Amino acid sequence: MKTLYFLSVTAFLCASLVHPSVVSAENAFVNGTSWESTVYGTQSPVIDEHVQTVVIDGETEAFGTSCLQMWEITDNDDATKSPAAIVHSEGDKVYFQTDLTAGKWELLYDFGLTEGDKCTVCVPGNWGESSEGRNAYLKCTAVYDSDEYPGLQIMEMEEFADETFSTSIGGGKWIKGISSERGVLDNSFGMDGIGSSLTKVAKNGNVIWKLNTASITNTAEAAVAISVNGNTMTLSGIVPGSPAVITGTDGVTVARIIAASESVSVVIPSSGIYLVTVNGKSYKAVVR
């Protein structure tokens, strides 16, 4: 009964309708939408994989705004259903909060960005935790019609280390009006020990986006290109969702990641020769 009371009283998602832009971007933030992702934990040598479903279900009101409720379900087990965030939209911007005591909204997405535009988004934490200070600094590098997913647009996003936007630390894609390619609550591309990949988005059971597995199969055997700029190592041509491990000649693992996009970057702590293993294939790289 205590759990049911928590869910019914404190779980809110606030969302007003996202107005279609000039390019008629898909509006996914409505009642009945679900985002399904595969989530990989890399805290141990064995990759722990789960299915995460985030669904908008139900209407309410919070902070004086008409609201929708968002929930998170693990491995399709309704018994795991729990609050995810509160969110509302203003035009192309989507705001959220995970802490009902915070008193302010944080930016989750800005789907109105054009090439060269920058924004600071906040990365959602667990329900009940303040998101203040967990910022991601993103720059839109391109917006284009998707050949792979007709009718949708792709936003290429580059992430930077801080608000100066001077040091790139990776990047990935947003599907305009829908979410990040990593999942609706995984809006940035930094590598923090957890990886995720969006697999399907549906409105009231009707699929509006689904991962094109054929494209992954066709590129799975492509060689990974490795470049080094200062102490930043970038892996290109990597299949999203692929595990990668970077190890020094002393056998110490300096990074264990899941690729969120076809190009990922990681800062290496010191100079030396490193062994980079991606999907079982090994490459050597030198950091000077």
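N76 is exposed in this predicted model, with a relative accessible area of 56%. The residue belongs to the loop between strand 3 (65–74) and strand 4. Its backbone is marked by a positive phi of about 60 degrees, although N76 is not a glycine. A second asparagine, N204, has a positive phi as well, near 50 degrees, and is likewise a residue other than glycine. N204 is placed in the loop between strand 13 (194–203) and strand 14 (206–210). With a relative accessible area of 61%, N204 is exposed, since the class begins over 50%.

Charged side chains were examined next. Side chains of opposite charge can pair when their charged atoms come close. A search of the whole structure returned 5 salt bridges, among them the pairs K81 with D57, K93 with D110 and K104 with E106.

In the pair formed by K81 and D57, the N to O distance is 3.7 Å. K81 lies in strand 4 (residues 77–83) and D57 in strand 2 (residues 48–62), so this salt bridge ties together parts that are 24 residues apart in sequence. Both partners fall in the intermediate class of accessibility: K81 is partly exposed at 30%, and D57 is partly exposed at 39%. These assignments follow because the partly exposed class covers values between 20% and 50% relative accessible area.

The salt bridge between K93 and D110 has its closest N and O atoms 3.7 Å apart. The pair links distant parts of the chain, with K93 in strand 6 (residues 93–97) and D110 in strand 7 (residues 106–110), 17 residues apart. The two residues are assigned to separate classes of accessibility: K93 is partly exposed, with a relative accessible area of 32%, whereas D110 is buried, with a value of 9%. The assignment of D110 rests on the cut-off of under 20% for buried residues.

For K104 and E106, the side chains meet in a salt bridge with an N to O distance of 3.9 Å. K104 counts as partly exposed at 41% relative accessibility. E106, at 11% relative accessibility, counts as buried. The pairs K93 with D110 and K104 with E106 thus each join a partly exposed lysine to a buried acidic residue.

Acidic residues were also found at the surface. D145, D147, E148 and E262 form a negative surface patch. One of its members, D147, is located in the loop between strand 9 (135–145) and strand 10 (153–160). At 78% relative accessibility, D147 is exposed.

Another acidic residue, E49, is situated in strand 2, the strand that also holds D57. E49 counts as exposed at 52% relative accessibility, whereas D57 is partly exposed at 39%. The C-alpha atoms of E49 and D75 are 9.5 Å apart in space, while the two residues are separated by 26 residues in sequence.

Terms used
Residues are numbered from 1 along each chain as its sequence is written. This is a predicted model: local features need pLDDT of at least 70, side-chain atom pairs count only at pLDDT 80 or more; totals for chains, interfaces and linings use all residues. Side-chain values use heavy atoms; hydrogens and water are left out. Patches are made of residues with over 30% relative accessible area and no salt bridge: like charges are joined within 9 Å, nonpolar side chains (Val, Leu, Ile, Met, Phe, Trp, Tyr) within 5 Å. Accessible areas come from the Shrake-Rupley method with a 1.4 Å probe; for residues, only the protein chains shown count as cover. A salt bridge is a side-chain nitrogen of Lys or Arg within 4 Å of a carboxyl oxygen of Asp or Glu. Lys and Arg count as positive and Asp and Glu as negative; His and the chain ends are not counted. The place of a charge is taken as NZ of Lys, CZ of Arg, CG of Asp or CD of Glu. Helices (H or I, at least four residues) and strands (E, at least two) are DSSP runs, numbered from the N terminus. Buried means under 20% relative accessible area, exposed over 50%, partly exposed in between (1.4 Å probe, protein chains only).
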